[in-house]
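Please walk through this structure with its side-chain contacts in mind, taking the cysteines, the charged pairs, the aromatic rings and the surface in turn.

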Amino acid sequence: MKEQPLVSVIIPTYNQEKYIKKTLESVLSQTFKSIEIIVVDDGSTDETAEIVNSFNEPRIIYIWQKNKGPAAARNTGIKRAQGKYIAFLDADDLWLREKLERQINFMEKNSEIGLLGTGCYEINHKGEMMSKKIFPTKNKILKKILIRYNPFIQSSIMLKKEIFDKKEGYNESFPQSEDYELWLRIAKNYKIANLPEYLVMKRYYKESLSPTKDKEQLLFVLKAKKKAILNDQYPKWCYIYLLKSYLFLKTPFFLRKFVRKYLLRRKIYG
């Protein structure tokens with residue numbers, strides 16, 4: 001009988017033939033071995049399928065679907081997952097070798113935690129180090145700041161599979177900021193945490209965020225915040241954080257980019 005994996009790793013991908021091989025290698029090299037790797041191909045037209053299938057690795061499950069967006073791709077992976085825990089990884093990001101082991105050790109010792117992230121190194125398209133991020137670690141602080149900004153890196157997240165037995169997965173009506181909207185919903189009923197360690201390499205591109213995409217992302221951040229307040233997760237005075245996001249949205253794109261770079265240098269993320 002096939003052994004049940006403790007962790008289901010879900011990797012949504014769309015035309016990431018350039019990076020998917022190294023991403024999968026970073027998962028297969030993990031010191032923690034009780035895993036299944038679910039690659040959900042969201043309608044790629046490149047060589048993604050050939051690269052994934054070339055591994056000939058029984059722990060890798062490849063699923064192809066018509067293009068529906070990252071939220072739908074992750075939901076497909078969640079439905080297929082068999083593990084007690086789920087870990088998400090974007091198809092162009094990388095994990096350090098002890099990432100899963102560190103998180104499993106923490107989650108098994110702290111059963112009240114539903115969602116756990118980590119810090120990350122930021123790399124460019126060549127894999128060169130640009131900067132690094134670390135976030136608050138404690139539940140009380142994280143829930144307080146979550147209405148202000150997203151203190152989690154998607155590719156660092158590990159969470160309990162049981163969460164999706166009780167609640168819906170990613171909101172597929174959110175083409176952007178779908179992760180932030182989900183973290184807000186999870187935080188309403190579960191404790192959340194971050195490990196103060198750099199265990200992920202998050203890839204950024206020089207011109208990856210166009211003015212149109214940036215505007216759309218900010219609009220869905222506003223929508224997620226408003227939803228959390230309307231659901232009585234936060235008091236009404238927290239609408240002030242919506243105003244802050246709205247004013248930032250109305251700021252010219254080049255100024256938004258400048259402000260983000262300044263805050264990043266100062267290690268201020270909200």
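Cys120 is buried, with a relative accessible area of 0%, and Cys238 is likewise buried, at 2%. The coordinates come from a predicted model, and in this model the count of disulfides comes to zero, a disulfide being a pair of cysteine sulfur atoms within 2.5 Å.

Charged side chains offer a longer account, since a search of the whole structure finds 14 salt bridges. One of them joins Lys21 to Glu25, with the closest N and O atoms 2.6 Å apart. Both residues belong to helix H1 (residues 20-28), and because they are four residues apart there, about one helical turn separates them. Lys21 is partly exposed at 43% relative accessibility, and Glu25 is also partly exposed, with a relative accessible area of 33%.

A salt bridge of 3.0 Å, N to O, brings together the side chains of Lys84 and Glu108. This pair links distant parts of the chain, for Lys84 sits in the loop between helix H3 (70-80) and strand S4 (85-88), whereas Glu108 lies in helix H4 (residues 99-109), 24 residues apart. Here too the partners are partly exposed, Lys84 at 45% relative accessibility and Glu108 at 42%.

What is the setting of the salt bridge between Lys202 and Asp93, buried or exposed? The closest N and O atoms of Lys202 and Asp93 are 3.2 Å apart; Lys202 lies in strand S9 (residues 191-203) and Asp93 in the loop between S4 and strand S5 (94-95), so the pair ties together parts that are 109 residues apart in sequence. Both Lys202 and Asp93 are buried, and through shared partners their salt bridge belongs to one network that also takes in Arg74, Asp90 and Glu178.

Arg74, a member of that network, leads on to the aromatic side chains, as Arg74 lies over the face of Tyr170 at 5.4 Å from the ring centre. Tyr170 in turn is part of a cluster with Phe88 and Trp183, linked by ring pairs. In the whole structure, a search finds five aromatic pairs.

The surface completes the tour. Leu243, Tyr246 and Leu247 form a nonpolar patch there, with about 300 Å² of accessible area together. Tyr246 is placed in helix H9 (residues 239-250) and is partly exposed, with a relative accessible area of 41%; that value satisfies the requirement of over 30% relative accessible area for a patch residue.

Technical notes: Residues are numbered from 1 along each chain as its sequence is written. This is a predicted model: local features need pLDDT of at least 70, side-chain atom pairs count only at pLDDT 80 or more; totals for chains, interfaces and linings use all residues. Side-chain values use heavy atoms; hydrogens and water are left out. Patches are made of residues with over 30% relative accessible area and no salt bridge: like charges are joined within 9 Å, nonpolar side chains (Val, Leu, Ile, Met, Phe, Trp, Tyr) within 5 Å. Accessible areas come from the Shrake-Rupley method with a 1.4 Å probe; for residues, only the protein chains shown count as cover. A salt bridge is a side-chain nitrogen of Lys or Arg within 4 Å of a carboxyl oxygen of Asp or Glu. Helices (H or I, at least four residues) and strands (E, at least two) are DSSP runs, numbered from the N terminus. Buried means under 20% relative accessible area, exposed over 50%, partly exposed in between (1.4 Å probe, protein chains only). Rings of Phe, Tyr and Trp (its six-membered ring) pair if their centres lie within 6.5 Å; planes under 30 degrees apart count as stacked, over 60 as edge-to-face and the rest as tilted. A charge sits over a ring if NZ of Lys or CZ of Arg is within 6 Å of the ring centre and within 35 degrees of the ring normal.
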